[in-house]
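Got the viewer open? Let's take a walk through this one, a stop at a time.

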Amino acid sequence: MTTATAGTFHYFAYGSNLLAKRIHIQNPSAVRKGFGYLQNYGLDFFHYAARWRGAPATIVEHPEAQVWGAIWEIDNSNLADLDRQEGVHNSVYKPLTLPVILPTGGTLDCRVYQLVNNPCHLNSTEDRPFERQPSKTYMNIIVNGAKETGLPNGYIELLKNVKHNGNSGDPQLSLELEKPIED
């Protein structure tokens, strides 16, 4: 896996789009090609997303940190759909192209989204303020997507321990996507 085929691009998902059922709602051409990680970025949460009833995920530059995620190959015809889903048109997220490190040691340039109003990295995730906590629904979907993707167990445990606000997300979305976190 080194390049996208003609008419496609690679997308690195670290939030709810880890879950195939979620990404396929608006990006039916997405095919999971594997996984990898961003070096020198940490996973964080910020902003308020009404659909999720909590803070969505973002990546924050942080030396020696890693964010694991799924690598999807998506048809160019779905690029505008993905941008719309990520709120690019409303200046919620901005697209970046970053090198994702593969388990084989190589890298692959992927489209990645980062909040426009990105937070400063927290020194301690245990002290995450309420306004920077994701909803329980959102974290369940991320954890289930991480398992489905085959991310490392240590990273899945880190995700399971993210302090959430206890809220359920949009009821319709929850019914479609959420399964309880299994240990």
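Before we start clicking, one bit of vocabulary: helices (H or I, at least four residues) and strands (E, at least two) are DSSP runs, numbered from the N terminus. Keep in mind too that this is a predicted model.

**Stop 1: the whole chain.** Show the cartoon and follow the chain from the N terminus: the elements go β-α-β-β-α-β-β-α-α-α. That makes five helices and five strands. Now colour by accessibility: of the 183 residues, 49% count as buried. If you switch on contacts between residues at least 6 apart in sequence, 75% of them join residues at least 24 apart.

**Stop 2: the largest pocket.** Select Trp-52, Pro-56, Gln-85, Glu-86 and Tyr-93, which are the closest to the centre of the largest pocket among the 26 residues that line it. The volume here is about 420 Å³. Which elements each supply at least two residues of the lining? Highlight β1 (8-13) and α2 (79-85) and you have them. The largest share comes from β1, with three residues. Colour the lining by class and you'll get 14 nonpolar, eight polar and four charged residues.

**Stop 3: Glu-73.** Next, pick strand β3 (residues 57-75) and zoom in on Glu-73, which lies in it. Is Glu-73 buried or exposed? Its relative accessible area is 11%, so Glu-73 is buried, the cut-off being under 20%. Show side chains as sticks and look for the partner: the Glu-73 side chain makes a polar contact with the side chain of Thr-8, at 2.9 Å.

**Stop 4: two cysteines.** Select Cys-110 and then Cys-120. Cys-110 has 1% relative accessibility and therefore counts as buried. Cys-120, on the other hand, is exposed, with a relative accessible area of 65%; the bar for that word is over 50%. How many disulfides are there? A pair of cysteine sulfur atoms has to be within 2.5 Å to qualify, and by this rule the count comes to zero.

**Stop 5: helix α3.** Finish at residues 136-149, which form helix α3, and pick out Asn-140 there. With a relative accessibility of 6%, Asn-140 counts as buried. Now add Lys-160 and draw a C-alpha to C-alpha distance: Asn-140 and Lys-160 sit 20 residues apart in sequence and 8.1 Å apart in space.

Conventions
Residues are numbered from 1 along each chain as its sequence is written. This is a predicted model: local features need pLDDT of at least 70, side-chain atom pairs count only at pLDDT 80 or more; totals for chains, interfaces and linings use all residues. Side-chain values use heavy atoms; hydrogens and water are left out. On a 1 Å grid over the protein atoms alone, a cavity is a set of points where a 1.4 Å probe fits but cannot get out, and a pocket is an open set with protein on both sides within 12 Å along at least five of seven lines; lining residues have an atom within 4 Å of a point. Grid points are joined across faces, edges and corners, and a volume is the space filled by probe spheres set on the points. Ala, Val, Leu, Ile, Met, Phe, Trp, Tyr, Cys and Pro count as nonpolar, Asp, Glu, Lys and Arg as charged, and the others, Gly among them, as polar. Buried means under 20% relative accessible area, exposed over 50%, partly exposed in between (1.4 Å probe, protein chains only). A polar contact is a pair of N or O atoms within 3.5 Å; within protein, one must be able to donate a hydrogen and the other to accept it, and residues adjacent in sequence count only if both atoms are side-chain atoms. Contact means heavy atoms within 4.5 Å.
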